Amino acid sequence: MKSTAKTLALGAALLCLLAGGMALPASAAVPLTGTAVSLPWNSDNSVPAESIEAGTYSSNMLLGETQQLSPTVRPRNSTDSVIYLTDDSSVLTVSNSGVVQAVGVGTATVTAAAGNQICAYTISVSMDSTMIVTEMDLALSSNTIYVGNSVSASLQVRPSSASQYATISLTSSNEKVATVNSFGRVTGVSPGTATITAACGSVTASTTVTVLAIPTEATTGGTVSSGTTSANSGQVITLTPSYVVLKPGATRTLSAKATPASASQSFTYKSGNSSVATVSPSGVITAVGTGSTSITVSNGKATALVTVIVNRSASASSGSDSSNGDDAANGDDDKITLDPTVQTIQDSTDHEVVFAQSEVPVITGDILNSLRTTGKTLCVVGDGYTLQVSGKDVRNTTGELNTSLELQQVEQGLEFVVNDGKTVPCSARIDLDKSDYSRLYLYNETTGKWQYLNSYKDGAITLDTAGRYLLTNENLRFANINWTFFIAGGAVLVVIAVAYIVFKKRYWFW
């Protein structure tokens, strides 16, 4: 008790001294001389960092993942702030707060510096099995084209979740016959056959394209000798017509004849692409979908090809002066009416063609082809947004783009879906009426997380991937933190402090 009384007396004396010092006027403090006392809360004092340690972190990350770096700076009251740098931003990016995101496959080093002290984080980024392409299928809208014409390649990868991570190159085995660009557009250069190959690492897929010379009409009887002889057979098959142009649903009958007269006149017919045109055992061609293909005719000794072009924007015709009755019966019915949007794009003298969204609910393959051939830009005006597609950004004309965007206000911001999850055939620009957001995210179905894309400026977004998008001002990298733990921890600390005060109250001054 004596010790306690002494302690209480000393505490009271100190309080009196402090109170007296605070009560002194400023003028009374001026005469004091001696060494100034540096108080720990004086903002003018700087405490340099003496060391910095990396702390716990993961040296291996999956593509798309993030992690928070937490270096330990000593002394703990150091006033030096921590700065983060990456030596390869194509593999790792790092924010000012030390959040690292894996954006590419490889190894990179992030350096944390506090004053003159540094520490390094070496991190390797890889892909999991759902991000790695194991199989591919490559197909052309038609495997037969004329010199100067083009077709589009379509590629499917497995697993499908790897499509957004795959880097695919397209090559032609003979660019003197056919070329292919990075968007899968195959163009005929000269007659012959070439192999188009898609490669993603060690995984490849191939298909062949046959390029034909542009046919000319026969000057007698409308027949063109398009047959070929097999080795030592001496036989030739002559087809009438030599090429066919139809609209979807139209038909044309082939007439075949083999020479010499002793050759078999029994023929088989086969379509190179039944999704474009089919052929019956008797040689009746039926147009199915737009594109081009070839019909192979054989009598067992010799073969011949007839090219079939199915096109909504052309009049039905053939490479012969045919009078089979089909054309005569159809008359002007073979004239094909263009899609109104396509017609407007082709007829417009302006570079930009504007429609309401209700007029163009879907940008079809024909519209995409028209934009690509004319180089014009289509603007579709919807409720709260404008969607723009430039002909130079069209990758293929086999897909479609839904122009409807349902802008939904959610807790984090503004959410919308692009093309209902289907592959986007072109790059599109979306201008929104709302521009009060700063960050754009895409929902990653594989990881079940929002993936940060870029900052959102001037109300404009350029997209080439289908999926769920979110505009927000929040940093969703930390959106999933469970703050309940921290609140509960704070409550526990308050309870402990109150209990301590109650327990010690009888020894305190009040």
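How many bridges join strand 13 to strand 16, and which way do the two run? The close-ups below take that up first, then move on through this predicted model.

**View 1. Strands 13 and 16 side by side.** Four bridges hold this pair together, and the strands run antiparallel. Strand 16 covers residues 192–200. For one spot to zoom in on, pick Ser172: its bridge partner in strand 16 is Ile196.

**View 2. The open sheet around that pair.** Zoom out a bit and you get four strands in the order 11-17-16-13, with mixed pairing. Strand 11 (144–146) and strand 13 (169–172) sit at the edges; each has a single partner strand, so one side of each is left without a neighbour in the sheet. On average, neighbouring strands here are turned by 30° against each other, ignoring direction.

**View 3. Helix 5 and the residue after it.** Helix 5 takes in residues 365–374, and its buried residues are Gly365, Ile367, Leu368, Ser370, Leu371 and Arg372. Note that Arg372 is on that buried list. Right after the helix comes Gly375, with a positive phi near 75°.

**View 4. The cavity and its lining.** Searching the whole structure for cavities of 30 Å³ or more turns up just one. The volume of the largest cavity comes to about 50 Å³. Around it you'll find Leu387, Leu401, Val418, Val424, Ala428, Ile430, Leu463, Asp464 and Thr465. Sorted by class, that lining is seven nonpolar residues, one polar and one charged.

Key:
Residues numbered from 1 in each chain as written. Predicted model: local features only at pLDDT ≥ 70, side-chain atom pairs only at ≥ 80, totals over all residues. Heavy atoms only, no water. 1 Å grid on protein atoms, 1.4 Å probe; cavity = no way out; pocket = protein on both sides within 12 Å on 5 of 7 lines; lining within 4 Å. Points joined across faces, edges and corners; volume = space filled by probe spheres on them. Nonpolar A, V, L, I, M, F, W, Y, C, P; charged D, E, K, R; others polar. Pairing = 2+ DSSP bridges. Axes fitted to C-alpha atoms, helices over the stretch in contact; angles between N-to-C directions. Buried < 20%, exposed > 50% of the residue type's maximum accessible area, 1.4 Å probe, protein only.
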